[in-house]
Amino acid sequence: MAVWRETKMRKIKIAITGSTGLVGSRIVELLSNEFEFIPLRYPEFDITRKDVVYNTLKDLLFDIFLHLAAYTDVDGAEKNKELAFKVNVDGTRNVFEVVEFLKKKFIYISTGFVFDGKNPPFFEDSKPNPLSVYANTKYEGEKIVRGRAMIVRIEYPYRKSFPPKKDFFRAIKERLEKGQEVFAVEDMFITPTFIDDMAYGLGCLFKNFTPEIFHLVGSKSYRPYDLARIIAKKFSLDESLVKPISFEKFFEGRAPRPQWNEVKSKKNNFFRMRSFEETIP
Ligand SMILES: NC(=O)c1ccc[n+]([C@@H]2O[C@H](COP(=O)([O-])OP(=O)(O)OC[C@H]3O[C@@H](n4cnc5c(N)ncnc54)[C@H](OP(=O)(O)O)[C@@H]3O)[C@@H](O)[C@H]2O)c1
């Protein structure tokens with residue numbers, strides 16, 4: 001009689017911060033079949049509290065620490081500089097120190113905003129030059145972990161639905177659905193990233209961890225003006241509501257942004273990221 005031996009591979013255990021956020025919640029939704037996530041939720045797990053971080057992590061069984069938690073309000077960070085640094089820099093240091101002490105793998109989610117948008121395109125080895133407080137805090141976080149952790153940069157993430165937080169795609173779509181004008185910048189590039197693609201790409205990286213930088217971004221950069229028109233067309237909404245506006249005027253009085261942020265990857269040979277037109281959810 002044949003003996004059937006069931007060899008069950010143990011799922012990689014991933015402790016994750018920011019699992020209630022726009023990006024983290026979708027990662028957990030999509031990858032939970034393949035990986036075991038251990039969500040570390042705010043406020044019980046506050047990354048700014050060293051004691052809480054140490055006491056929670058010291059006895060936790062995990063293979064990878066995926067760090068998404070951040071202060072993410074780009075304009076708000078200009079006024080709340082101290083808080084942005086406390087969460088994004090001190091918080092990252094707090095979790096990284098303990099994870100490194102425990103000899104576990106660490107993945108830090110960062111942003112294409114670390115670049116200045118002046119000489120595109122920007123690859124993994126391009127030199128960061130952050131312009132805003134938020135971008136500075138994220139880059140300081142990178143500096144704490146780089147060489148010893150994986151850094152994954154994303155740009156303008158979007159998804160089909162997530163009521164707690166709007167992304168650029170749903171913000172534009174909802175305005176057009178209400179018949180409201182959309183002022184969209186015509187002299188700027190952004191690189192929209194479909195969160196589902198980013199999540200699956202990240203899944204490949206979980207299985208092939210290396211302490212390097214990766215860009216997991218959409219395959220094409222766009223002018224926001226063109227994006228808004230693509231959205232109007234796709235959902236049969238009134239394209240004439242989309243009005244062009246200059247970069248300078250649109251961001252007047254707000255945090256500085258990288259203007260021509262064509263972010264690309266020369267290292268992603270593991271997952272085909274798609275363009276906005278291919279993935280409009
Ligand atoms: N969204 C973007 O456009 C974008 C672009 C590029 C890169 N990123 C990066 O991607 C990551 C995820 O962004 P996101 O848009 O998904 O963020 P998000 O929706 O704003 O969520 C932020 C997450 O961080 C948690 N958090 C905030 N302060 C915390 C603290 N002191 N301790 C523990 N957790 C805390 C929040 O918990 P609560 O829900 O309880 O507040 C939430 O889960 C961030 O690292 C961000 O810098 C985002």
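Trainee: Glutamate 124 is buried yet has no salt bridge; which side chain of opposite charge is nearest?

Mentor: This is a predicted model, where local features need pLDDT of at least 70, side-chain atom pairs count only at pLDDT 80 or more, and totals for chains, interfaces and linings use all residues. Numbering starts from 1 along each chain as its sequence is written, and side-chain values use heavy atoms, without hydrogens and water. Buried means under 20% relative accessible area, exposed over 50%, partly exposed in between (1.4 Å probe, protein chains only); a salt bridge puts a side-chain nitrogen of Lys or Arg within 4 Å of a carboxyl oxygen of Asp or Glu. With Lys and Arg counted as positive, Asp and Glu as negative, and His and the chain ends not counted, the nearest candidate is 5.9 Å away: lysine 267.

Trainee: Which side chain is joined to that of glutamate 124 by a polar contact of 2.5 Å?

Mentor: A polar contact is a pair of N or O atoms within 3.5 Å; within protein, one must be able to donate a hydrogen and the other to accept it, and residues adjacent in sequence count only if both atoms are side-chain atoms. The backbone nitrogen of histidine 215 lies 3.0 Å from a polar atom of the glutamate 124 side chain. The contact of 2.5 Å is with the side chain of serine 265.

Trainee: What is the strand order of the open sheet of six strands?

Mentor: Strands (E, at least two residues) and helices (H or I, at least four) are DSSP runs numbered from the N terminus, and two strands pair if DSSP finds at least two bridges between them. Strands β2 (36-40) and β9 (213-215) each pair on one side only, as the edge strands. The pairing is parallel, and the order is β2-β1-β3-β4-β5-β9.

Trainee: What angle does helix α4 make with β4?

Mentor: Axes are lines fitted to C-alpha atoms, for helices over the stretch in contact, and angles run from 0 to 180 degrees between N-to-C directions. Contact means heavy atoms within 4.5 Å. Helix α4 (residues 81-101) touches β3 and β4 (105-111) as it packs on the sheet, and its direction relative to that of β4 is about 160°.

Trainee: With which residue does aspartate 75 form a salt bridge at 2.8 Å?

Mentor: Aspartate 75 also forms a salt bridge with arginine 254, with the closest N and O atoms 3.1 Å apart. That pair spans 179 residues, from the loop between β3 and α3 (76-79) to the loop between α9 and α10. The pair at 2.8 Å is made with arginine 257.

Trainee: Why does arginine 254 count as partly exposed?

Mentor: Aspartate 75 and arginine 257 are both buried. Arginine 254 is partly exposed because its relative accessible area is 36%.

Trainee: Which residue meets glutamate 142 in a salt bridge?

Mentor: Glutamate 142 lies in helix α5, and its partner, eleven residues away, lies in strand β5. Both residues are buried. The N to O distance is 2.8 Å, and the partner is arginine 153.

Trainee: Why does phenylalanine 251 count as buried?

Mentor: Phenylalanine 251 lies in the loop between α9 (247-250) and α10 (276-279). Neighbours within four places in sequence aside, it is in contact with Val185, Met188 and Arg257. It counts as buried because its relative accessibility is 11%.
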